[in-house]
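User: Could you go through some side-chain contacts in this protein with me? I'm new to this, so full sentences would help.

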Amino acid sequence: MSALRTASPWPAWGCDPGRPALDLGCGTGRALPALRAEVGDKGTVLGVDVTPAMLTAAAREGRDGDLAHLLVADCLRLPLPSGTVDGIFSAGLLDHLAEPAAALREWARVVRPGGTLLLFHPSGRAERAARHCRPLSPDDPLAEPNLRPMLTAGGWHTEEYDDARAYFLTRAVRTG
């Protein structure tokens, strides 16, 4: 069973052992050990965050070195060659970006055709809205009628969309 599946009902990750994987908006790097388990010792894990303090905290937690490389970078302008990444994991990032469609296009640029994108949040959209005492917005980029067309336009094929109470997950595969 996938190491990523241990904390939630995620589908198979889809990254090949020995290949590079990204955690975009990695924060303190909580997902980096699971990504390392997926790609194995010969794979590369890159934790990317725009906030240096988050990466400093990840390093303090031992989530760097042999586990992962940490990189300060903007997820809208990744300093990576096109088609070099096997998969991207991103938890709770896309709906915080001013240009989510542009982010999906940039992420598709760095992922090889057939590579995987997992968008995750540890709570569903309705649960988060209730927690913040607000209604669900039809403009929410993670709402299925908004997200699916953005993914398609960005070079992705949606394979799974699951907005459960306890988690949000979308799995897409890079087309082309």
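User: Which residue forms a salt bridge with Arg-125, and how far apart are the closest N and O atoms?

Analyst: Please keep in mind that this is a predicted model. In it, Arg-125 forms a salt bridge with Asp-163, and the closest N and O atoms of the two are 3.0 Å apart. This pair links distant parts of the chain, since Arg-125 lies in helix α4 (residues 125–131) while Asp-163 lies in strand β6 (residues 156–163), 38 residues apart.

User: OK, and is Arg-125 buried or exposed?

Analyst: Arg-125 is buried, with a relative accessible area of 10%, whereas its partner Asp-163 counts as partly exposed at 28% relative accessibility.

User: What other salt bridge is there in helix α4?

Analyst: One within that helix joins Arg-131 and Glu-127, which are four residues apart, or about one turn of the helix. The closest N and O atoms of Arg-131 and Glu-127 are 2.6 Å apart, and Arg-131 counts as partly exposed because its relative accessibility is 48%.

User: How many salt bridges does the count come to?

Analyst: The count comes to nine salt bridges. Another of them is formed by Asp-86 with Arg-19, where the closest N and O atoms are 3.5 Å apart. That pair also links distant parts of the chain, with Asp-86 in strand β4 (residues 85–91) and Arg-19 in the segment before β1 (20–24), 67 residues apart.

User: Why does Asp-86 count as buried?

Analyst: Asp-86 counts as buried because its relative accessibility is 0%, and the cut-off for buried is under 20%. Arg-19, on the other side of the bridge, is partly exposed, with a relative accessible area of 29%.

User: New topic: how many disulfides does the structure hold?

Analyst: The structure holds zero disulfides. Taking Cys-26 as an example, the nearest cysteine sulfur belongs to Cys-75 and is 11 Å away, while a disulfide needs the two sulfur atoms to be within 2.5 Å.

User: And where do the cysteines sit, say Cys-26 and Cys-133, buried or exposed?

Analyst: Those two contrast with each other, as Cys-26 is buried with a relative accessible area of 8%, but Cys-133 is exposed with a relative accessible area of 72%.

User: Last thing, how many aromatic pairs are there?

Analyst: There are two aromatic pairs in the structure. One of them is formed by Tyr-161 and Phe-168, which are arranged edge-to-face, with 5.4 Å from centre to centre and 85 degrees between the planes. Both Tyr-161 and Phe-168 are buried.

Terms used:
Residues are numbered from 1 along each chain as its sequence is written. This is a predicted model: local features need pLDDT of at least 70, side-chain atom pairs count only at pLDDT 80 or more; totals for chains, interfaces and linings use all residues. Side-chain values use heavy atoms; hydrogens and water are left out. Buried means under 20% relative accessible area, exposed over 50%, partly exposed in between (1.4 Å probe, protein chains only). Rings of Phe, Tyr and Trp (its six-membered ring) pair if their centres lie within 6.5 Å; planes under 30 degrees apart count as stacked, over 60 as edge-to-face and the rest as tilted. A salt bridge is a side-chain nitrogen of Lys or Arg within 4 Å of a carboxyl oxygen of Asp or Glu. Helices (H or I, at least four residues) and strands (E, at least two) are DSSP runs, numbered from the N terminus.
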